[in-house]
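Here is a short set of exercises to work through with the model open beside you. Try each task before reading its solution.

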Amino acid sequence: MLEVQSLAKRYGDTTVFRDVSLAVAPGEFVAIVGESGVGKSTLLNCMAGLDSWDAGRVLVDGQDLSTLDDEARAILRRRKLGFVFQAFHVLPHLDVAQNVGLPLLLLQRPDARRVEAMLAAVGLEGLGGRLPQELSGGQLQRVAIARALVHAPRLLLADEPTGNLDPATATRVLDVLRAQARESGAALVLVTHSEAAAGRADRVLHLRSDGIA
Ligand SMILES: Nc1ncnc2c1ncn2[C@@H]1O[C@H](COP(=O)(O)OP(=O)(O)OP(=O)(O)O)[C@@H](O)[C@H]1O
Ligand SMILES: [Mg+2]
């Protein structure tokens, strides 16, 4: 489902990482760990075609992202990808249900019941009418997770998705992520500092500046 081949990322003369290769199969859950600043968010953004790289290739469902222009990448993301951003990126002027339902709307498949079910799955039942500013950080994080899952994407990329949650809620939300991924045969890549979260993965990879293993 996802293949990264010898990927390298630099800013000017500074190498963030190089020689990063990995493959994630449909239904597989891979956790990526590594110290702060090593490039985990950057790598995830490259996997989503949201950032550029300096060498190597990224293939999503067999499609080489470097052969796609911005519009084609956006269409591929819309159809196949769910992304939980480290900084949430919830839209402030849309209410919670509209935020979660946005991927379905963009696919012209609006489905209020699916939105409600996803909100309930992450423990936000009844909060669909609230604006993001009326939510706590942990609640916002769960809105971002529900939004990433709502259209049952084939590839799920989650950047520290439980960073703002208490241990019990984190466990619950991880279970939801894992179960939804399994159910739809999605490949799940999760970046985390949490050993508990990494412990739930099928495989744990350690990112360093000179590769991943
Ligand atoms: N525009 C930029 N110019 C130069 N360096 C940058 C730029 N953006 C990011 N970096 C550097 O790239 C490196 C990787 O950043 P990234 O956000 O991917 O780290 P991370 O592993 O996700 O860290 P954290 O665990 O703290 O979230 C960092 O050292 C950062 O300082
Ligand atoms: Mg990061």
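The largest share of the shell around ligand 1, three residues, is supplied by helix α1 (residues 40–47). Keep in mind throughout that this is a predicted model.

**Exercise 1. The ligand shell**

Task: list the residues around ligand 1 and sort them into nonpolar, polar and charged.

Solution. Begin with the members of the shell: Tyr 11, Val 16, Gly 34, Ser 36, Gly 37, Val 38, Gly 39, Lys 40, Ser 41, Thr 42 and Gln 86. Next, sort them: three are nonpolar, seven polar and one charged. Glycine is counted among the polar residues here. Finally, return to helix α1, which spans residues 40–47 and gives three residues to this shell.

**Exercise 2. The six-stranded sheet**

Task: give the strand order of the open sheet of six strands, name its edge strands, and find the helices that lie across its strands.

Solution. Step one is the order, which reads β6-β7-β8-β3-β9-β10, with mixed pairing. Step two is the edges: β6 (81–84) and β10 (211–212) each pair on one side only.

Step three looks at one pair inside the sheet. Strands β3 (residues 29–33) and β9 (residues 203–208) run parallel and are joined by four bridges. Within this pair, Ile 32 stands opposite Leu 205 of β9.

Step four adds the helices. Helix α1 lies across β3, β7 (155–159), β8 (187–191) and β9, and runs at about 155° to β8. Helix α5 (residues 137–149) lies across β6 and β7, at about 170° to β6.

**Exercise 3. The four-stranded sheet**

Task: work out which strands stand at the edges of the open sheet of four strands, and why one side of each is left without a neighbour.

Solution. First write down the order, β2-β1-β4-β5, with antiparallel pairing. β2 and β5 (63–64) stand at the edges; each has a single partner strand, so one side of each has no neighbour in the sheet.

Now follow the pairs. β1 (residues 2–11) and β2 pair in the antiparallel sense over seven bridges, and the bridge partner of Val 4 is Leu 22 in β2. Two residues lie between the strands of this hairpin, where Gly 12 takes a positive phi near 60°. Strand β4 (residues 55–60) is joined to β5 by two bridges, again antiparallel, with Leu 59 opposite Asp 64 in β5.

To finish, look for helix α1 once more: α1 lies across β1, β2 and β4, running at about 125° to β1.

**Exercise 4. Buried or exposed?**

Task: decide whether Leu 188, Ala 198, Asp 19 and Gln 108 are buried, partly exposed or exposed.

Solution. The cut-offs needed are these: 20 or more other C-beta atoms within 10 Å make a residue buried, 12 or fewer make it exposed, and values in between make it partly exposed.

- Leu 188 is found in strand β8. Leu 188 is buried because it has 25 C-beta neighbours inside 10 Å. Leaving out residues up to four places away in sequence, Leu 188 touches Phe 29, Leu 156, Leu 177, Arg 178 and Ala 181. The C-alpha atoms of Leu 188 and Arg 178 are separated by 7.7 Å, and the two residues are ten apart along the chain.
- Ala 198 belongs to helix α7 (residues 195–198). With 19 C-beta neighbours inside 10 Å, Ala 198 is partly exposed. Again leaving out residues up to four places away in sequence, its contacts are Ala 31, Val 33, Thr 192 and Val 204. Ala 198 and Val 30 are 168 residues apart in sequence, yet 8.2 Å apart in space, C-alpha to C-alpha.
- Asp 19 is in strand β2 (residues 14–24). Having 15 other C-beta atoms within 10 Å, Asp 19 is partly exposed.
- Gln 108 is in the loop between α3 (96–106) and α4 (112–121). Its 6 C-beta neighbours inside 10 Å make Gln 108 exposed.

**Exercise 5. Positive phi outside glycine**

Task: what are the phi values of Asp 19 and Gln 108?

Solution. Asp 19, although not a glycine, has a positive phi of about 55°. For Gln 108, also a residue other than glycine, phi is positive and near 55°.

Notes. Residues are numbered from 1 along each chain as its sequence is written. Chains are lettered from A and ligands numbered from 1 in the order in which they are written. This is a predicted model: local features need pLDDT of at least 70, side-chain atom pairs count only at pLDDT 80 or more; totals for chains, interfaces and linings use all residues. A residue is near a molecule or strand if its C-beta atom, placed from the backbone, lies within 6 Å of it. Two strands pair if DSSP finds at least two bridges between them. Two residues are in contact if their C-beta atoms, placed from the backbone, lie within 7 Å. Axes are lines fitted to C-alpha atoms, for helices over the stretch in contact, and angles run from 0 to 180 degrees between N-to-C directions.
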